[in-house]
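User: Please take a close look at one strand of this structure for me. Then work outward to the helix packing and a few single residues.

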Amino acid sequence: MSTPTYQSEYDVIVIGGGVLGAFHAYFAMRQGLKTLLIERNVFPQQASVRNFGLIIPSAMPAGRWRDRAIASCEIYSELCEFLDVPLRRTGTQYLAHTAAEADFLKQMAVACEDSLCPAEYYSAEETIRSSCCLNPEFCQGSLFFPHDLQLDPDQFFRALINWIACTSDCDYLPNTTAITVESQESLACIRTSSGRTFQARHTFVCSGADLQTLFPEIYASRNLQYCKLQMLKLSNPENRTLGTSIASPIALTRYPAFLKAQSLQGVSLPAPDPVLQERGIQIWMTQNQNNEFILGDSHAYSTDAPTEFLSAEVESHIINYARKMFVKLEFEVIDRWCGIYTEAQSAGLFQQTLDDRIHLITGIGGKGMTTGPGLARENIRQLSLIQSRP
C-alpha cells in the first residue's frame, strides 16, 4: 500500500474526526474545497462512536435544532445508502408511567399531527402489544415517533472517513495531534506533534472533549462543561426483539421537545427520583444490528476533565430502573463503556471565529449525532457564501 502524500496548503483543514469534524470535512469536500481532516487516533474513539447511534428529531424542539435534526436524517439516509451502511428506521417510543404523563403525551400527539416530526399516541394496551418486553404494570401509554433513525456509529464513521480519504478533494491524516493553530497573514498555520506544518484558508477546530491542547484559555472562559455518559450491553439469549428504541418517562422531563410541550400545555410533570436526577440517568433501551440490547445512560457533569473509570453504583441504578420497565429480559452485562463530550451550558453550542479563518466548534452536548450533520452543512454553506463575495 502506498504512503499517502499531503500538501502543505489546503482550502480547509478540519481538526477532529468525530461527528462535527467528519461532517465539516465531508461538506467542505463536497463544495470542491481541497480539505485535510486531522484525527489524533486511527479513527474517532470518543462520544461520537460511544453512543446509541440514535438520530432523534423527536427530542428536538420545533425551530432551528429540529430543522437541523431533520436535515441530518436526510444526510444520513443519503450517505448510508451510498456507503452501504445499515440505517434502520426503528422509531422511538417514549413511555408514560403515570396517568398525568399519559395525558400529556396524548395532547402532544395532537400537536404533532401536522408537523415534520409526526407522532402517534398508543394506549397502555397498544404499548404493551408493540413490544415483547415491556412491563404491563409500568406502562400507562406511550408516544411513538416513526421517523427516528438508528445506525452503528463506529461502523458509519469508519466507512465515511475511509471513503472521503479516497477522494481527490480530501486527505485524511490519522494518529496525529494538532498542537498549535495560529493566524499567519491570510492563512491559518497548523503545527502537529510530529513536527509537520500545514496552512489553510480556513480551519475548523472540532476537537470534542479535548479542551486543553488548543485554545484552552478561550474554552475556560466560555462556560463549557464536560459530560461523561455510561452505557451497557446486555445479553439476549432468547433473541428477543424490542421492535423500536424505547425511552423511559424521565425523557419527558429532560429533552427540550417535551419541556417546550409542557410549557405550551401549561403542565409541569414531576422530576424523576432525586437519586436518578443527581446522576443524570435517562433510561434508553435499544438494539444494535446484531440484536444485542444496549442500555443506558447516565450524565455526570464537571468542569474538570473526567476519567474513564466506570461507576458500579451508576450501573446499578440504570439496571434497577430498567427492571421496572422491562420483563422477560436477561440483565447479564456483557460489556460496558463510557463516553465523554462537552456541552455549552447556556447556548447548547459553542462556536467562535478567530481572525476570520479559525473556527472553533464544540459543546454541542448529547445532540451531536442528531444535529451535527445539519449544523456542519450550514457552516460550510455559509463559508462558501463568504468566499464567493466579490
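Analyst: The strand comes first, then the helices, then single residues.

This is a predicted model, so local features need pLDDT of at least 70 and side-chain atom pairs count only at pLDDT 80 or more, while totals for chains, interfaces and linings use all residues. Residues are numbered from 1 along each chain as its sequence is written, and side-chain values use heavy atoms, with hydrogens and water left out.

Start with strand 12, residues 224–234. Helices (H or I, at least four residues) and strands (E, at least two) are DSSP runs, numbered from the N terminus. In strand 12, 11 of the 11 residues are buried, so the rest of the structure largely encloses this strand. Buried means under 20% relative accessible area, exposed means over 50%, and partly exposed lies in between (1.4 Å probe, protein chains only).

In a regular strand the side chains alternate between the two faces of the sheet. Here, Leu224, Tyr226, Lys228, Gln230, Leu232 and Leu234 point one way. Gln225, Cys227, Leu229, Met231 and Lys233 point the other way. Both sets are buried, the two lysines included.

What pairs with strand 12? Strand 17 (residues 333–344) does, through 11 bridges. Two strands pair if DSSP finds at least two bridges between them. Strands 12 and 17 run antiparallel. Within that pairing, glutamine 230 stands opposite cysteine 338. Strand 15 (residues 293–296) is also antiparallel to strand 12, with 4 bridges. There, methionine 231 has glycine 296 as its bridge partner. Strand 16 (residues 300–302) adds 3 bridges, again antiparallel. Its tyrosine 301 is the bridge partner of cysteine 227.

Now zoom in on glutamine 225, which lies in strand 12. It counts as buried, at 13% relative accessibility. Leaving out residues up to four places away in sequence, glutamine 225 touches Tyr301, Ser302, Tyr341, Thr342, Glu343 and Gln345. Contact means heavy atoms within 4.5 Å.

Follow that list to glutamine 345. It sits in the loop between strand 17 and strand 18 (350–354). Glutamine 345 is partly exposed, with a relative accessible area of 41%. Outside its neighbours within four places in sequence, it contacts Asn223, Leu224 and Gln225. Its C-alpha atom is 14 Å from that of alanine 209, with the two positions 136 residues apart in sequence.

Next, the helices. Helix 2 (residues 64–83) packs against helix 5 (residues 153–165) at about 75°, with axes 11 Å apart. Axes are lines fitted to C-alpha atoms, for helices over the stretch in contact, and angles run from 0 to 180 degrees between N-to-C directions. Helix 2 and helix 5 are therefore roughly perpendicular. Angles under 35 degrees count as roughly parallel, over 145 as roughly antiparallel, 65 to 115 as roughly perpendicular, and the rest as oblique. From helix 2, Tyr76, Leu79, Cys80, Phe82 and Leu83 meet Phe156, Ala159, Leu160 and Trp163 of helix 5. By class, this contact has 9 nonpolar, no polar and no charged residues. Ala, Val, Leu, Ile, Met, Phe, Trp, Tyr, Cys and Pro count as nonpolar, Asp, Glu, Lys and Arg as charged, and the others, Gly among them, as polar.

Helix 1 (residues 19–30) also crosses helix 2. Their axes come within 14 Å, at roughly 75°. This pair is therefore roughly perpendicular too. Val19, Phe23, Tyr26, Phe27 and Arg30 of helix 1 meet Ile75, Tyr76, Glu78 and Leu79 of helix 2. This contact has 7 nonpolar, no polar and 2 charged residues.

Valine 85 lies in the loop between helix 2 and strand 4. It is buried, at 6% relative accessible area. Beyond its neighbours within four places in sequence, valine 85 contacts Cys80, Gln155, Phe156 and Ala159.

Finish with helix 7 (residues 256–265), whose buried residues are Ala257, Phe258, Ala261 and Gln262. They span an arc of only 135° around the axis, which puts them on the same side of helix 7. The arc is that of the directions from the helix axis to the C-beta atoms. The face turned away from this buried side carries exposed Ser263 and Leu264. The cover over the buried residues includes helix 2, strand 4 (92–96), helix 3 (99–111) and strand 6 (141–145). Just after helix 7, glycine 266 takes a positive phi of about 75°.
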